[in-house]
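Student: I have the sequence and the structure open. Please take me through one part of it closely, with the spaces around it.

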Amino acid sequence: MIQRPGIATAPGIRALRAHVFRWPVQAPVRTSFGVMHDRPMVLVEVEDEEGARGWGEVWCNFPAVGAEHRARLLQSVFAGLLERRDPADPAAIFDDLSARTAVLAIQSGEPGPIAQCIAGIDMALWDLASRRAGEPLWRYLGGHDPAIGVYASGINPDAPEALAARKSEEGFRAFKVKLGFGAERDFANLRALRRVLGSDASLMADANQAWSVAEARALLPRLDEFDLEWMEEPVRADTSLDDWRALAGSAPMPLAAGENMAGDASFDAAIASRAFGVLQPDMAKWGGFSGCLRVARRICASGVRFCPHFLGGGVGLLASAHLLAAIGGDGLLEVDANPNALRSESCGPLGAIREGRAVLGGEPGLGIEPSPERLAAVTQQR
């Protein structure tokens, strides 16, 4: 359990609210397994009996109806479980909600959506607790340095060098491109990126689970010429750890995974396997701060690089930044390179990148006060 000195008790929880937003995109976001035609966001709002609020975000990218589904789960399952609870110990509430919905997750066949809802609630509770303590979350959770490294993610297979060049002008120094669209196209894109970015830029790639083990075994050595900082999810996330270890033994770069792992046992097994040079928990998919802090500390203690995964609106991205700053180390924060008003409207200091780094502020909690009304308005501004 994560424990913090300070607040012994706090006003009970009065309300849990879920806000759903969708921002239509002109250029669809493409991965090897699907296409996003809009950018959804489920914003979680927790209010205590004195009117203080905390904010979180739930992962909801796929399927297309996922945002509304998660919002209904929050209201129908979790609002009653939270009412009048003392929010002073978010980690205890995280463990309690996980235990009380464990059978429901099995019975409904929806352990993912239920874990995602708990993760968003947990973010909001930690935001509320640190606001009441008058500290920024990164410091409240034990961090010492508000500066973090970042990289431009989600670079699509259509002329990726053009988007990467724009992100370089905005201050990014590390870039991750999508692979899994056929070897000829993938390699051409990597060559174009190296030609435009030069040899000094950090370059990563993500296949989004596109390849079989046999395909990965054949393709990974051929990627050596691009000097990749890591290769993310070249195979399915549920591939056996024995196969992951074998791939790691022949790969010229570290392998990365973790966005599709959930639970302490899964991360502990991944750490023990020594198959991964980079592990990437997604705190909006599982764990929030309560689960991911303890996992991230074990990742770093093992010598594996901790780089939180995130793709969504600005609140979850900002929470991931506070998580990384609390942990420290040489990890990088994933920042989607594609336009998303729901992100830019609510990501605070992450909108200003300087030489590959962002600096979090000293304001209490996440450091921003999201406006559901403003977020709703920006979805109409196209």
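Tutor: Here is a close look at one residue, followed by the cavity and the pockets.

Keep in mind that this is a predicted model. Start at Asp 336. Asp 336 sits in strand E11, which covers residues 332-336. Is Asp 336 buried or exposed? Its relative accessible area is 6%, and the limit for buried is under 20%, so Asp 336 counts as buried.

Now take its side chain. One polar contact goes to the side chain of Arg 39, at 2.9 Å. Another goes to the side chain of Asn 338, also given as 2.9 Å. Set aside the neighbours within four places in sequence, and Asp 336 is in contact with Arg 39, Ser 153, Gly 154, Leu 311 and Arg 343.

Next, the enclosed space. The model has two cavities of 30 Å³ or more. The largest cavity holds about 40 Å³. Asp 336 is part of its lining, and so are Arg 39, Leu 311 and Arg 343. Phe 310, Gly 312, Leu 317, Glu 334 and Val 335 line it too. E11 supplies the largest share of that lining, three residues. By type, the lining has four nonpolar residues, one polar and four charged.

Then the open spaces. The second largest pocket has about 530 Å³ of space. It is lined by 30 residues, and those closest to its centre are Lys 167, Ala 337, Asn 338, Pro 339 and Arg 343. Asn 338 is the side-chain partner of Asp 336 met above. Elements giving two or more residues to this lining are E1, helix H6 (160-169), E11 and helix H13 (341-344). E1 gives the most, with five residues. The lining splits into 17 nonpolar, five polar and eight charged residues.

Last, the largest pocket. Its volume is about 690 Å³. Of its 34 lining residues, Trp 59, Gln 116, Glu 259, Asn 260 and Lys 285 are the closest to the centre. Two or more lining residues come from each of strand E1 (13-31), helix H2 (90-100), helix H4 (111-133), strand E4 (147-155) and E11. H4 gives the most here, with five residues. The count by type is 13 nonpolar, twelve polar and nine charged.

To draw this together, follow E11. This strand contains Asp 336. E11 gives the largest share of the lining of the largest cavity. E11 also gives two or more residues to the lining of the second largest pocket, and two or more to that of the largest pocket.

Methods. Residues numbered from 1 in each chain as written. Predicted model: local features only at pLDDT ≥ 70, side-chain atom pairs only at ≥ 80, totals over all residues. Heavy atoms only, no water. Helix = DSSP H or I, 4+ residues; strand = E, 2+ residues; numbered from the N terminus. Buried < 20%, exposed > 50% of the residue type's maximum accessible area, 1.4 Å probe, protein only. Polar contact = N/O pair within 3.5 Å; in protein donor to acceptor, adjacent residues only side chain to side chain. Contact = heavy atoms within 4.5 Å. 1 Å grid on protein atoms, 1.4 Å probe; cavity = no way out; pocket = protein on both sides within 12 Å on 5 of 7 lines; lining within 4 Å. Points joined across faces, edges and corners; volume = space filled by probe spheres on them. Nonpolar A, V, L, I, M, F, W, Y, C, P; charged D, E, K, R; others polar.
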